[in-house]
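Trainee: Could you take me through one part of this structure closely? I would like to start from the whole chain and then settle on a single helix and what surrounds it.

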Amino acid sequence: MSMDLNDFTIIKEGEAEILMHAKNEVFYSKTQVNNRDMSIAVLRTFIARWKQEHKALLSKRNKSAPKVPEKNGSISEADKKPNEPDMNNEKSNEECEGSEEKSQEEACTTSEEPVKMEGKIRGELKPPRVLESRHLFACDFVGIVSIWVKGALRYAWEVEGIGQVVALDNDKGAVEACQRNIKFNGSVACSKVESHLADARVYMLTHPKEFDVVDLDPYGSPSVCLDSAVRSVVDGGMLMCTASDMAVLCGGNGEVCYSKYGSYPLRGKYCHEMALRILLACIESHANRYKHYIASVLSVQMDFYVCVFVRMYSSASAMKNTPLKLSYVYQCTGCDSFHLQPIGRTVSKNTSVRYLLGFAPVVPQECSDCGKKFSMGGPIWSAPIHDQEWVTAILADVKSMKDRYPAYAGVSAVLTTISEKLPDVPLFLSLHNLCATLKCTSPSAVIFCSAVINAGYQISGTHVNPLGLKSDAPMDVIWDIMCCWVKNHPVKAQPADQPGSVILAKEPVQANFARAVASLSKAQAKKVARFLPNLERHWGPKLRAGRQITS
């Protein structure tokens with residue numbers, strides 16, 4: 001290669017290497033190795049599932065093949081010899097699918113009627129050859145070359161079954177850097193990865209439903225890419241989306257968040273999970289415009305960003321369920337009480353289902369616990385943000401190949417925590433915030449969890465905050481438990497108008513603080529690390545490409 005390697009620093013991550021110029025001409029964030037490892041783990045599971053679904057669909061079609069009417073009087077080989085053993089089993093999958101299925105599946109493949117699989121609506125299936133190998137990626141643009149160069153190269157090197165990776169940028173220098181790194185990584189990268197000088201939004205709009213996976217990983221907000229991204233993913237494909245504008249998503253600039261994502265954030269301890277749910281609601285909104293809907297398989301908050309992994313499906317009827325998945329949030333300005341207001345509801349009668357507006361309001365004008373007013377935020381995604389079967393499969397894959405994940409400790413810790421939390425409880429409480437409202441000493445998490453469990457409710461931790469607790473218990477039960485704790489651990493008298501004083505003035509129901517068996521999760525009982533410290537100082541987002549530290 002005609003370049004001086006002395007001007008570059010070689011950065012190795014996983015099995016891929018990139019050339020980092022000394023002048024910071026491209027952007028590289030070591031912190032996001034967690035993100036890239038998580039993406040690779042999810043992608044491996046997705047490809048395995050994709051093949052299983054494709055195999056199941058082919059098997060279903062093969063069983064019904066003799067019933068397919070002949071087209072133009074022609075008779076396929078399968079129809080000519082229905083009792084003859086399938087000799088193509090001895091051939092490769094590509095040969096088998098390309099020869100045997102080509103004629104008899106022609107009418108079935110071009111049918112406009114969708115096929116239902118695993119409870120989801122799947123449209124026209126790609127040719128089997130494509131499903132086996134051609135997994136394409138569209139990555140974001142403008143000064144983020146090293147994020148997607150490193151990700152694209154790692155996808156090509158480390159994920160089996162990928163035939164092509166497409167990387168896009170509208171900056172000429174960024175594309176040149178990408179091509180330089182592709183050549184530097186040898187024949188494997190050259191055969192699988194290609195880069196183009198183009199705006200990713202325009203490229204995806206002009207290639208509708210051509211990508212099995214779309215990976216958006218910008219420096220900042222992905223909102224400008226979502227409309228084109230949801231149109232470029234095939235039915236049943238996956239959209240992987242990362243957002244690092246956490247100040248906006250977490251309520252620092254609520255009006256900016258509303259303009260970008262269509263939701264208003266609230267500044268509570270749960271703000272990082274709310275950021276995840278705002279992003280999911282935004283993606284669903286863009287998908288619905290084209291009669292698509294999403295199914296979230298994994299949504300995580302790590303370091304300084306949030307990342308969601310969703311599958312995209314096409315169905316005008318299933319899209320009607322979107323209002324059932326979205327809710328507004330009422331947050332008390334005096335205490336930690338919050339309540340969700342679903343946007344829609346359904347009424348079933350016999351076999352028909354009617355979609356109606358949700359009942360409102362779910363809260364009175366003033367908080368029933370402390371008497372203060374409510375702030376309202378949202379709408380947010382209030383449906384589950386994780387598919388526990390996927391989480392279990394991804395975690396098992398990560399543990400089986402721990403040597404291939406540079407950030408194995410961090411990724412496995414996050415997945416372990418997610419696998420043990422309640423899947424259908426939006427947002428969470430902070431035990432320390434509850435105690436701050438009452439001005440009391442904090443009970444241990446085990447004691448508090450035991451009281452909730454003994455009251456007949458469920459409770460778990462959350463991957464977002466080590467002090468966060470998810471529970472299906474209503475807020476009046478939570479405050480009763482805290483008031484009983486204060487009775488045993490008295491506090492100094494506070495002014496009567498304080499939220500804590502109003503709460504403590506009520507007579508609580510007696511709580512049982514006896515140690516419950518389920519008060520500790522399996523990971524906690526085994527003392528598995530769930531929240532790890534930063535690997536080094538200044539662990540966070542780095543300088544945008546082209547910028548330098550001057551002092």
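**From the whole chain to one helix**

Mentor: Gladly! Among contacts in the chain with a separation of 6 or more, 72% link residues 24 or more positions apart. Please keep in mind that this is a predicted model. The chain has 551 residues, of which 51% count as buried, and the chain holds 21 helices and 18 strands. Its exposed area is about 26,000 Å², with 53% of that supplied by carbon and sulfur atoms.

A word on confidence before we zoom in. The mean pLDDT of the chain is 81, and 79% of the residues reach 70 or more. Among the elements, helix α5 (residues 128–133) has the lowest mean pLDDT, 24, while helix α13 (residues 271–288) has the highest, 97. Over residues 73–147 the pLDDT is below 50, although this stretch has 160 contacts in the model beyond near neighbours in sequence. Where pLDDT is low, the predicted coordinates should not be read in detail.

Now to the helix I would pick for you, α17, which spans residues 431–438. Its buried residues are Leu-431, Leu-434, Cys-435, Thr-437 and Leu-438. They sit on the same side of α17, because the arc they cover around the axis is only 155°. What lies over these buried residues? The cover includes β16 (429–430), α18 (445–454), β18 (468–471), α19 (475–488) and α20 (499–504).

Just after α17 comes Lys-439, with a positive phi of about 55°. Lys-439 belongs to the loop between α17 and α18, and α18 is among the elements that cover the buried residues of α17. With a relative accessibility of 46%, Lys-439 counts as partly exposed. Most residues other than glycine have a negative phi, and most peptide bonds are trans. Another positive phi in a residue other than glycine is that of Asn-350, near 55°. Asn-350 is in the loop between β13 (344–349) and β14, and at 80% relative accessibility it counts as exposed.

Strand β18, one of the elements that cover α17, also leads us to helix α13. How are the two connected? The side chains of Glu-273 and Lys-470 meet in a salt bridge, with N and O 2.8 Å apart. Glu-273 is in helix α13 and Lys-470 in strand β18, so this pair ties together parts that lie 197 residues apart in sequence. Glu-273 and Lys-470 are both buried. Salt bridges with shared partners join Glu-273, Arg-277 and Lys-470 into one network. Within that network, Glu-273 also pairs with Arg-277, and their closest N and O atoms are 3.0 Å apart. Both Glu-273 and Arg-277 lie in helix α13, four residues apart, or about one turn of the helix, and both are buried.

The structure holds eight salt bridges. Another of them joins Asp-199 and Arg-201, whose closest N and O atoms are 2.9 Å apart. Here Asp-199 is buried, with a relative accessible area of 18%, whereas Arg-201 is partly exposed at 30%.

Let me add some places elsewhere in the chain to set beside α17. Ser-232 is in helix α10 (residues 223–232) and counts as buried, at 0% relative accessibility. Leaving aside residues up to four places away in sequence, Ser-232 touches Met-204, His-207, Pro-208, Lys-209, Glu-210, Phe-211 and Val-214.

For a loop, look between β14 (352–357) and β15 (374–381), where Pro-361 lies. The peptide bond from Ala-360 to Pro-361 is cis, with omega near -5°. Val-362, in the loop between β14 and β15, is partly exposed with a relative accessible area of 38%. Although Val-362 and Gln-341 are 21 residues apart in sequence, their C-alpha atoms are 6.1 Å apart in space. Val-362 touches Gln-341 along with Tyr-330, His-339 and Leu-340, again not counting residues up to four places away in sequence. A cis peptide bond also runs from Gly-378 to Pro-379, with omega near 5°, and Pro-379 is in strand β15.

Finally, turn to the surface: Leu-324, Val-353 and Tyr-355 make a nonpolar patch of about 250 Å². Of these, Leu-324 is in helix α14 (residues 322–325) and counts as partly exposed, at 34% relative accessibility.

Methods: Residues numbered from 1 in each chain as written. Heavy atoms only, no water. pLDDT = per-residue confidence, 0-100. Helix = DSSP H or I, 4+ residues; strand = E, 2+ residues; numbered from the N terminus. Contact = heavy atoms within 4.5 Å. Patch = residues over 30% accessible without salt bridge, like charges linked within 9 Å, V, L, I, M, F, W, Y side chains within 5 Å. Areas by Shrake-Rupley, 256 points an atom, 1.4 Å probe, with all protein chains shown as cover. Salt bridge = Lys/Arg side-chain N within 4 Å of Asp/Glu carboxyl O. Buried < 20%, exposed > 50% of the residue type's maximum accessible area, 1.4 Å probe, protein only. Arc of directions from axis to C-beta.
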